[in-house]
Amino acid sequence: MAGLLTYCRAGFENDLANELQDKASQLEIFGYPQAKSNTGFVLFNTYQDEHAELLAKKLPFSELVFARQQFACLQVLENMSPDDRVSPILAACADFPLCGDLRVEYPDTTDGRELSKFCRKISVPLRQALRKSNKLTKKENETKPVLHVFFTQNSHAYVGYSFSNNNSSLPLGILRLKFPQAAPSRSTLKLDEAFQTFIPKEEHSTRLRGGLHAVDLGACPGGWTYQLVNRGMFVQAVDNGSMDEGLMETGQVTYCPEDGFKFTPKKNNVYWLVCDMIEQPQRVAKLMATWVGSGQCKEAMFNLKLPMKKRYESVLGALEIIDKTLGQQAYSLQAKHLYHNREEVTVHLTLV
């Protein structure tokens with residue numbers, strides 16, 4: 001049986017499975033998710049084989065909250081001989097379209113990462129064989145589908161393809177960032193990844209430029225403020241805790257020892273509102289939507305802290321609050337469980 005194979009953070013398989021079931025039903029593509037805890041992936045089996053490719057085309061990858069990657073899985077290979085894994089993969093690709101790139105990957109789990117060396121090693125002969133069989137272009141071609149071979153064991157692989165306009169271009173769907181030593185906390189990577197994920201690179205010079213004014217609610221010790229200051233912005237850091245001294249010495253930070261839910265900026269010049277407060281997701285969603293809807297900021301980037309169970313349902317509830325709060329106002333919203341997140345989902349919100 002064919003389906004849609006998706007990657008996720010280990011421990012979030014059930015949340016992704018619930019999301020896939022919901023989104024596929026909305027597209028009137030029916031099937032069932034196959035998920036096992038802490039494996040780092042979910043396979044949504046479609047009742048009709050041709051619907052696997054249809055789902056890979058029609059289900060917008062950017063709208064999936066918990067998925068890091070997706071591809072139409074058309075073959076499952078088991079018990080491959082250690083003497084020859086290339087031949088069964090070639091046979092599995094016999095009816096595939098000509099692809100422009102090859103990804104040989106593995107789950108982002110402790111066991112899965114042990115396959116990384118093996119995947120790199122097999123990639124070279126597999127790529128050569130695919131090109132010789134006219135299943136892979138001689139040079140990488142972004143206009144063609146991407147061929148995926150996803151190993152869960154060195155003898156077990158899921159084989160299929162994705163479409164370059166509806167997948168992640170990142171290895172394993174992960175944006176890896178280096179922690180800046182001057183940052184006061186590792187939470188800084190969350191906002192850095194969010195900016196790079198949600199804001200197109202060609203728009204960084206206008207939407208993330210120096211001189212903009214920002215508000216950071218729940219700022220201390222300054223992990224998110226660091227990202228704003230590092231981009232040349234002026235920040236009102238709102239929190240009752242203490243801010244990093246190095247950030248305060250930049251002259252770009254105004255410390256406001258207040259409750260983030262009661263704070264109101266004195267001037268109407270705030271472009272960015274960012275928030276990583278540890279609060280109920282519904283309460284944060286309401287606050288962010290109120291700021292954006294009232295024009296107190298142009299764009300908001302914030303985290304929704306999730307419960308241990310029913311995470312997907314919690315996200316849906318928070319997004320529904322945003323929709324009700326903004327009413328008839330047109331808005332753009334993106335939500336993603338980013339690589340540097342733990343038990344939270346990052347949301348970007350702006351009016352259009």
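Helices and strands here are DSSP runs, numbered from the N terminus. With that in hand, welcome to the tour; keep in mind that this is a predicted model.

**Stop 1: a cis proline.** Select P221, which lies in the loop between β8 (213–217) and α8. Now add C220 and look at the bond between the two: the peptide joining C220 and P221 is cis, with omega at about 0°.

**Stop 2: two helices that cross.** Stay with α8, residues 223–230, and bring up α6, residues 188–198. The two helices pack with their axes 7 Å apart, at an angle of about 50°. Angles under 35 degrees would count as roughly parallel and 65 to 115 as roughly perpendicular, so α6 is oblique to α8. The crossing of α6 past α8 is right-handed.

To see who meets whom, show side chains for T188, K190, L191, D192 and F195 on the α6 side. Facing them from α8 are G223, W224, Y226, Q227 and L228. Colour this contact by class and you should find five nonpolar, three polar and two charged residues.

**Stop 3: the cores.** Next, select F66, V149, F151, L217 and F302: these have the most contacts inside the largest nonpolar core, a set of 81 residues. Helix α10 (residues 281–294) gives the most to this core, contributing seven residues. A second core, separate from that one, has 30 residues, among them L175, L212, M233 and M301.

Centre the view on L217 for a moment. Leaving aside residues up to four places away in sequence, its contacts include V238, F263, L273, M277, L287, M288 and W291. G260 and D276 also touch L217.

**Stop 4: a buried threonine in a loop.** Move to T109, in the loop between β5 (101–105) and α4 (110–113). Is T109 buried or exposed? Its relative accessibility is 11%, so T109 counts as buried, the cut-off being under 20%. Beyond residues up to four places away in sequence, T109 touches A10, N38, T39 and G40.

**Stop 5: two positive phi values.** Finish with two loop residues. N79 sits between β4 (69–77) and α3 (86–92). Although N79 is not a glycine, its phi is positive, near 55°. With 73% relative accessibility, N79 counts as exposed.

Then jump to K310, in the loop between β12 (299–305) and α11 (311–326). K310 is another residue other than glycine with a positive phi, about 50°. K310 is exposed as well, with a relative accessible area of 64%.

How values were computed:
Residues are numbered from 1 along each chain as its sequence is written. This is a predicted model: local features need pLDDT of at least 70, side-chain atom pairs count only at pLDDT 80 or more; totals for chains, interfaces and linings use all residues. Side-chain values use heavy atoms; hydrogens and water are left out. A nonpolar core is a set of buried Ala, Val, Leu, Ile, Met, Phe, Trp, Tyr and Cys residues joined through side-chain atoms within 4.5 Å. Buried means under 20% relative accessible area, exposed over 50%, partly exposed in between (1.4 Å probe, protein chains only). Helices (H or I, at least four residues) and strands (E, at least two) are DSSP runs, numbered from the N terminus. Contact means heavy atoms within 4.5 Å. Axes are lines fitted to C-alpha atoms, for helices over the stretch in contact, and angles run from 0 to 180 degrees between N-to-C directions. Angles under 35 degrees count as roughly parallel, over 145 as roughly antiparallel, 65 to 115 as roughly perpendicular and the rest as oblique. A crossing is left-handed if the near helix is turned anticlockwise from the far one by less than a right angle, and right-handed if clockwise. Ala, Val, Leu, Ile, Met, Phe, Trp, Tyr, Cys and Pro count as nonpolar, Asp, Glu, Lys and Arg as charged, and the others, Gly among them, as polar.
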